[in-house]
Structures are given as structure tokens and as C-alpha cells.
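Trainee: I would like to learn how to read a model like this one with care, going from whole chains down to single residues. Could you take me through it?

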Amino acid sequence: MSRIGETFAALKARNKKALIPFITAGDPGKGMTVPLMHVLVEAGADIIELGVPFSDPMADGPVIQRASERALANKVGLRDVLAMTAEFRKTNTTTPVVLMGYANPVEHMGYEAFAQAAKAAGVDGVLTVDIPPEESAGVSDVFKAHGLDPIFLLSPTTPESRVEQVAAAAGGFIYYVSLKGVTGSANLDTEEVAAKLAMVRRHCSLPVGVGFGIRDAATAEAVARIADAVVVGSRIISEIETAPEGECVNRVKHLVAELRRGVDAASK
Amino acid sequence: MKLTDLPDSRGHFGPYGGIFVAETLMAALEELRVEYDKARNDPAFMAEFEYELKHYVGRPSPVYHAKRLSEQYGGAQIYLKREDLNHTGAHKINNTIGQALLARRRGKKRVIAETGAGQHGVASATVAARYGMECVVYMGAEDVARQSPNVFRMKLLGATVVPVSSGSKTLKDALNEAMRDWVTNVESTFYILGTAAGPHPYPMLVRDFQCVIGRECIMQMPELTGRQPDAVIACVGGGSNAIGIFHPYIPYEDVRLIGVEAGGSGIASGKHAAPLSAGTPGVLHGFRSYLMQDENGQIIETHSISAGLDYPGVGPEHSYLKDAGRAEYVAINDDEAMAAFHDLCRFEGIIPALESSHAVAQAKKLAPTLKKDQIILVNLSGRGDKDINTVAKVSGITL
Ligand SMILES: Cc1ncc(COP(=O)(O)O)c(C=O)c1O
């Protein structure tokens, strides 16, 4: 079983849900990412989603776009992200790391070369936002052959007929994007999401994470009641963006601890 | 398989094209594919499209023998396909009419578009007014500044113009923003994509709507000259005017097809917008094609005097035609395009778009290498009224 599979199994045994925070590698500074990753774990993260900066983050809202721009200004590319993961792995061998990004940096490195390097660095899963299952035939196989879980998205616009196809290509967990729109969009309707998740579960045995629009303990709790994992991105990036000089790590720690309390409240 | 049979059912032109988008858009693209498939087999739809092209756009556009320019350039005879004479002043309207009719079939009341030079934005605002739809146009902040006449035209037509300040503030960023809008409003909104690029089925349907250009030429050239041309030249931004004139000519194997990219300050300078001449394959904006990218796979900023060519990617069919050897792609620098711009003004009384001036500049290079009875057909994709501020600035003149 992969590290992601083991993590979900262990949580299930303890009747707990997973918290998956997202940060963009290289934001706010190149040297900040590994310390931030450790702090995320300390504050209660079960899996870390690490954003790979890209010049044209088409599916992201302004908050994550700006994080990507800051990271690129800090000259952080895919190779640096792999190096950061390897650095993190020196002292943490249990928390899964999922890279999330766009196809082109991976395509440019070459899928095979990337998969090898990612596995060696200690990466567990890869979500390439703009590679749907239809285009992923070669890609997912390469990832799987190297023991990387290919993570895929489902959205409110995904018809039931497609869910099975997406699930078949996926590994690790399925990421249900709870809103139409880009990352960082507003409100989320948990009842609507719950209905959709019931449908998803009919076709998919993987754990289901829900993301987009989770910003505090209350929304984290509401989502944890219906999903296997709670994914939080823009809210954490905003905290990084607005924290005064030197306060960033502390602020993120507090926020993630609060989200953790929300997630745990759901299983009480 | 014939070159003209592409793309395959999933939008692939060999290794290029495809559908590389986030899950949220997959259903909308599938819906568009199905709807377009029905529409193009629906005689009523095609009849309305042709009616609009004739009575609203003013087609067919003429082919014109540029005699004085040919004499000046000293060699082959140069003919111009006058897309500049279309309503709104460029080829872009052929495509926006087709897509607006599709939007209406789908019952969508809101359309969005990205624009570089503003020609596609104007053409989208025009059809939105014509069919009574709300229109939002995304435009890079830098392009808003250098194409101000077109910004005003869009506003006159009732469209909302949203300046985009992310990234390089040009066409690629406008496209990112339009995609984000579409992801958010996918149920109410039709995205009128402005060039033969993007995820399937856009490259195919934009091509099909623009092929009217080449089909008319195939009728017009024999009437004027007794035969088909020796070479067809078109500028390539995303590639819609070029594929529109090239595609019908693909089976005519004796006709050379030459696409002209923006060489900016020169390929060697790195400041250009010529992915086919100097890029490598990659994935951007929903499709695989030649791209301008750095060693980390990040998209690099492009440079061109012409906003409509200032794009780091190119429609997938051009990548395919390049690899297959059926079309050739060259780059023309800013200064060469400017010189050709002035040539056409002075020798023919036609003010061309700076985009189209790149194609004219290539004719200037090619003509002297050919005989006097050989024929070059240049797609004059648009008129240059929108560019007079840029040209004045380059010439050191304040208007
Ligand atoms: C007059 C004109 N020609 C050419 C282009 C380039 O686009 P494409 O390559 O899609 O024809 C533009 C784009 O704005 C344009 O306005």
C-alpha cells in the first residue's frame, strides 16, 4: 500500500478524517517551504499538498496565482520542488506529499524522468490539474509504475457517466472540487456536496477529499462530516501573504491547528 | 490517413492538440463538441452562417492584384486576399459569427472572449450586439494601452472590457482569465475563443469557420489568373487566418504554404513570438503544441510590435503541418513588418494591420526569388486603422 493509502487506513481505524493543507513551493521564500511543511505536520496535517509554481495557472484564482508569481520570482522550478521534498523527507518519512501543478513543467522534464526523480525525492502522489483521464493514459501508467499515486479531480459538472472513468485512472484519493470556479472562490453548499459525494462513492472506492471554499474550523468541520479528507489552499496562502515579516510560520501554525480542531470536531 | 482528415475524435493532430483542461471544463467542452457536430450537419445552421457571412460581413472578400507592389518587389505577382475589407476589419468576424450562432443554439445569453490586438474582441462585441447577448472581453493591460481605438470600439458596441494585469499582461494572460471566467460561469456562458487554438473542439471549429477564406481563393484565383498560386503566405498568431487559407489548399500539393511568425527584435535576441521557428512542444491553454518556454517548462514572455501575434503558443494543426512538412514557417522581425506596412500604404493605398504586414514582408523576401509569371497569394488578414498609434510612436510622431 502507498503512503497515502496507509495514511487513510490509519485515520479510518481511529475514526478520523484527513486534513490536507496546500502551500505553493517557494512562497514566500525559497528557504521557507521545508520549515512550513514541518509546521503543517506539527499543527495537524495528515497529507501535504505542495504546489509546483507555473507561469500560467489557468485553474487558479488570484490568491494562488500570486503565490505562484512570488515563487517564480524566487526562481523556484520543478527541480527545486523535488529537492525541497527530499529535504523534508530527511526528518519526516511518514507524511505523504502530493505535488499539485500543471502539465507543462512535468512534460518538459519528461514523464518518465520526472516520475523517477519524484519517487526518489519521496513524493507520493501527483495531481496535474490540466491532464484529465482522457489525456492521461501514458502518464498515469508511468506514475503508477513508479509507485506514485495519480490524483484526479471531480467537479460539480462531472456527469455520473464519467465518474467511473476518472476513478479507474486514479490512485490514492479522489479530489472533489466542491465549487464551480477557480481556487479561492466563495461559499460552499455542503448539502449539495453531500448528495454529489454519495453518487461518487457508488462508482469509486478510493477515499474522497473535498476542497475549494474551506476557510475556517466551521467549514472544515462541515466538510469533514461528509468527506474523507478536507483540502485547504487559498485560505492558508492568504495567511502567508498577509503575515507580517517573521510571523508567517506562526500564523500558518495557528490557522492549521484551528482547521484541525474543526476536522476533529466532526468525528466526535 | 489524409492530412485533411484531422483532428481525430478526441482532437488530436498527431501528437498535438487534445483536451488539457481542469475537470470543471470537461463537460462544457463535450457539450460544445456534440453541439458543433449537430450544427455542421444541420443545413439550416450552415445556411444561416453563409447568409450572415454574405449580408453582414460582406463576403466574399475580393482577391486583388497588387501590381505596383509586385513591380516594386521585383519578381512574382502578388495578390492580396482582402480580409481587411470584412465588416469590423479583419478575418476574426468569420469565426465569431459561427460561434455566436452556436451560443444561440445552446441558449447562452452571455459570451466572453479574450483578445490581443482587439480585433477578436471587437468582432465578439459586434456579434453579441447583433444577436442580443451580454459580452465581456478580457484583454491584457499592455494591449489595452497599445490598442486603445479598439477598446473604445468594444465599449461603443456595448461590451465590458476587463484589463488583465497578471503575468505578461498580454494575450496569453487574457486567455487565462477568460478560461477562469468560463470555469466559474460555465452554465450561463459561451466562450468565443478567438483563434484556432485551445482545447478540442476549438481548433477544429475555428478552422472550419475560417476555411471560407481559402475556399473562396480556390474559386477566385483561377478566375483572375487562370490557375492556383505558387505560394500562399499568412501571418501566424494563434493561427486562425493562416489555417483558414491553408487548409483548403492542403490537397493542392504544388502550392507552397508559408506561415509567418513574429520575429520581434530577431530570433537570436530571444525577444520574439515565434514558437514554430524557435520553440519546443509543450502543453498550454488546453492543448499540446510548439511553445516558447524556458528550461523549467515555464512559459516565457513574448515580444512583437503586433499585439495579435504576441502569443507564446500556436494552434496545434500548424505544429502538425510543420512536422509533416506540408507548411513552412518563418519569422519576420518588427522592422521588416514596419517597412512592409509602409510599402502597402504608399504603393497600393491600403493600410494593413501590423499582423498582416508580417505576411507582406515575407512576400517581399520571396517575390524576387521567383519569376515574373509566378504568383504569391498573401492573406491580408486585417486593416491597420487600429495600429496607427503604434506606427506613429515607432516613427517618433505624436498624434
Ligand atoms: C488582423 C489580424 N491578423 C492576424 C491576427 C492573428 O491571429 P490568427 O493567427 O489567429 O489569425 C490577428 C489577431 O488579433 C489580427 O487582428
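What follows is a conversation about the two chains, then about one helix and a few residues.

Mentor: Keep in mind from the start that this is a predicted model, and that every value we discuss is computed from it.

Trainee: How many helices and strands does chain A have, and how many does chain B have?

Mentor: Chain A contains 12 helices and nine strands, whereas the secondary structure of chain B amounts to 16 helices and 14 strands.

Trainee: What does the radius of gyration say about each chain?

Mentor: The general idea is to set the value against what a globule rule gives for the number of residues. For chain B the radius of gyration is 19 Å, close to the 21 Å that the rule gives for 399 residues, so chain B is as compact as a globular protein of that length. For chain A, a compact globule of 268 residues would have a value near 18 Å, and the 17 Å of chain A agrees with that. The boxes give a second view: taken along the principal axes, the C-alpha atoms of chain B fill roughly 55 × 45 × 45 Å, and the C-alpha trace of chain A spans about 45 × 40 × 35 Å.

Trainee: What share of the residues is buried in chain A and in chain B?

Mentor: A residue counts as buried when its relative accessible area is under 20%. By that cut-off, 62% of the 268 residues in chain A are buried, and in chain B the share is 66% of 399 residues. As for the surface, chain A exposes about 9800 Å², with carbon and sulfur atoms supplying 53% of that area, while chain B exposes about 13500 Å², of which carbon and sulfur supply 52%.

Trainee: Which share of the contacts joins residues at least 24 apart in chain B, and what is the value for chain A?

Mentor: Here one looks at contacts between residues at least 6 apart in sequence, and in chain B 75% of these join residues at least 24 apart. In chain A, residues 24 or more positions apart account for 72% of the contacts with a separation of 6 or more.

Trainee: How far apart are the centres of the positive and negative side chains in chain B?

Mentor: In chain B, the centres of the 41 positive and 45 negative side chains lie 3 Å apart. In chain A, the mean positions of the 27 positive and 32 negative charges are 5 Å apart.

Trainee: Let us turn to a single helix: how does the reach of helix 14 of chain B relate to the expected value?

Mentor: One compares the distance from the first C-alpha to the last with the rise expected along the helix. Helix 14 of chain B, residues 334-348, has 15 residues and reaches 21 Å, close to the 21 Å expected at 1.5 Å a residue. Its buried residues are B:Asp334, B:Ala337, B:Met338, B:Ala340, B:Phe341, B:Asp343, B:Leu344 and B:Glu348. The helix is followed by B:Gly349, which has a positive phi near 70°.

Trainee: Where in chain A do residues other than glycine have a positive phi?

Mentor: Two cases are A:Asn15, with phi near 55°, and A:Lys75, with phi near 60°. A:Asn15 is placed in the loop between helix 1 and strand 1 of chain A, and A:Lys75 in the loop between helix 3 and helix 4. A:Asn15 counts as exposed because its relative accessibility is 54%, and A:Lys75 is likewise exposed, at 64%.

Trainee: Which residues does a cis peptide bond join in chain A, and which in chain B?

Mentor: The angle to read is omega. In chain A, a cis bond joins A:Asp27 and A:Pro28, with omega about 5°, and A:Pro28 sits in the loop between strand 1 and helix 2. In chain B, a cis bond joins B:His200 and B:Pro201, with omega about 10°, and B:Pro201 sits in the loop between strand 8 and helix 9.

Trainee: Is A:Ile151 buried or exposed?

Mentor: A:Ile151 is buried, because its relative accessible area is 2%, although its place is in the loop between strand 5 and strand 6 of chain A. Beyond its neighbours within four places in sequence, its contacts include A:Ile4, A:Val98, A:Leu127 and A:Phe173.

Terms used
Residues are numbered from 1 along each chain as its sequence is written. Chains are lettered from A and ligands numbered from 1 in the order in which they are written. This is a predicted model: local features need pLDDT of at least 70, side-chain atom pairs count only at pLDDT 80 or more; totals for chains, interfaces and linings use all residues. Side-chain values use heavy atoms; hydrogens and water are left out. Helices (H or I, at least four residues) and strands (E, at least two) are DSSP runs, numbered from the N terminus. The expected span of a helix is 1.5 Å times one less than its number of residues. Buried means under 20% relative accessible area, exposed over 50%, partly exposed in between (1.4 Å probe, protein chains only). The radius of gyration is taken over C-alpha atoms; the globule rule is 2.2 Å times the number of residues to the power 0.38. Contact means heavy atoms within 4.5 Å. Accessible areas come from the Shrake-Rupley method with a 1.4 Å probe; for residues, only the protein chains shown count as cover. Lys and Arg count as positive and Asp and Glu as negative; His and the chain ends are not counted. The place of a charge is taken as NZ of Lys, CZ of Arg, CG of Asp or CD of Glu.
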